[in-house]
Amino acid sequence: FTLYELLVIVGIMTILTSIVFAYTRRSEGQIALFRDRAALASGILRAKATAIQTFRTDPLSGPVCGYGIRLERSRFVLFRELPSKDPLSGALQCSSAPDFYSGAEEEIEVYTFDKRVVLSFCGDDGSTCDPIGSGNSAALEVLFVPPDPRVFFLPSDASWSEFRIAPALLDGSSRAADVVINRAGQVAVGL
């Protein structure tokens, strides 16, 4: 090989290597996005399944009023809704209006999202989305109350027929299919 041929080969290899690195970076973001979407759907389905399987008693913590998921900007918390003490009798009881997540003592599992992934809460039609952790959607919660399970949303806007959560990459380059929970407790991915 002559010196010119070697320089051309090195130049071509440099260009090909830079293209491969660019696609690898983008692929890592896509993998993180789909992994976090799958974990989110799995967490919601786990809360629902646990509420269906459990009727007011958890062998580890005693009576349980429900199971839910709290979505924050960078994580979600799978939690159990614990009963409160009745002021008159002192007995533990579940209130008719759920209290939702009230702290670390109710946590079952905490999942932290990849730093490149952001969740948005969308309206029923999916057209208007606000990032979770900003404005009116500082945190979202879905609570499944056994045995049906009855479904409660927080914030509790009576006009919403469903919660639509849209995972996307922070740089806006990609968005995964939405995770949707309706008031009947049905969970769907990819609508």
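This report walks through a predicted model of a protein, from its overall make-up to a few individual residues.

## Overall make-up

The protein has 191 residues, and 40% of them are buried. Its secondary structure consists of one helix and 14 strands. About 10,700 Å² of the protein is exposed, with carbon and sulfur atoms supplying 59% of that area. If we take the contacts between residues at least 6 apart in sequence, 58% of them join residues at least 24 apart.

## A five-stranded sheet and the helix on it

A good place to start looking is an open sheet of five strands, which pair in the antiparallel sense and follow the order β9-β8-β12-β13-β14. Its edges are formed by β9 (129–131) and β14 (187–189), each of which pairs on one side only. On average, neighbouring strands in this sheet are turned by 25° against each other, direction ignored. Helix α1, spanning residues 3–53, packs on the sheet and touches β8, β12 (162–169), β13 (179–182) and β14. The direction of helix α1 makes about 155° with that of β12.

Strands of a sheet pair through backbone hydrogen bonds, and the pairing can be parallel or antiparallel.

## Strand β8

Strand β8 covers residues 117–122 and is joined to β9 by three bridges, with the two strands running antiparallel. Here C122 stands opposite C129 of β9, and F121 stands opposite D130 of β9. With β12, strand β8 pairs over six bridges, again in the antiparallel sense. In that pairing V117 stands opposite L169.

How many of the six residues of β8 are buried? Six of the six are, so the strand is largely enclosed by the rest of the structure. In a regular strand, side chains alternate between the two faces of the sheet. In β8, the residues V117, L119 and F121 point one way, while V118, S120 and C122 point the other way, and all of them are buried.

## Aromatic pairs

There are six aromatic pairs in the structure. Such a pair is described by the distance of the ring centres and the angle of the planes. The table below sets out two of these pairs.

| Ring pair | Centre distance | Plane angle | Arrangement |
|---|---|---|---|
| F76 and F113 | 5.9 Å | 55° | tilted |
| F121 and F163 | 4.9 Å | 70° | edge-to-face |

F76 belongs to strand β4 (residues 75–81), and F113 sits in the loop between β7 (107–112) and β8, so their pairing ties together parts that are 37 residues apart in sequence. Both F76 and F113 are buried. Ring pairs also bring in Y111, linking F76, Y111 and F113 into a cluster.

For the other pair, F121 lies in strand β8 and F163 in strand β12, so the pair ties together parts that are 42 residues apart in sequence. F121 and F163 are both buried.

## E141, a glutamate worth a look

E141 is found in strand β10, which spans residues 140–145. Is E141 buried or exposed? Its relative accessibility is 2%, and because the cut-off for buried is under 20%, E141 counts as buried. The side chain of E141 makes a polar contact with the side chain of R70, at 2.4 Å.

Leaving aside residues up to four places away in sequence, E141 touches I69, R70, F79, F100, Y101, F152, F153, L154 and F163. One of these, F163, is the residue of β12 that pairs with F121 of β8.

## V189, on an edge strand

Our last stop is V189, which is found in strand β14, an edge strand of the sheet. With a relative accessibility of 42%, V189 counts as partly exposed. Which residues does V189 touch, if those up to four places away in sequence are not counted? They are R37, A41, D178 and V179. V189 and R37 are 152 residues apart along the chain, and their C-alpha atoms are separated by 8.7 Å.

Technical notes: Residues numbered from 1 in each chain as written. Predicted model: local features only at pLDDT ≥ 70, side-chain atom pairs only at ≥ 80, totals over all residues. Heavy atoms only, no water. Helix = DSSP H or I, 4+ residues; strand = E, 2+ residues; numbered from the N terminus. Buried < 20%, exposed > 50% of the residue type's maximum accessible area, 1.4 Å probe, protein only. Contact = heavy atoms within 4.5 Å. Areas by Shrake-Rupley, 256 points an atom, 1.4 Å probe, with all protein chains shown as cover. Pairing = 2+ DSSP bridges. Axes fitted to C-alpha atoms, helices over the stretch in contact; angles between N-to-C directions. Phe/Tyr/Trp six-rings, centres within 6.5 Å; stacked < 30°, edge-to-face > 60°. Polar contact = N/O pair within 3.5 Å; in protein donor to acceptor, adjacent residues only side chain to side chain.
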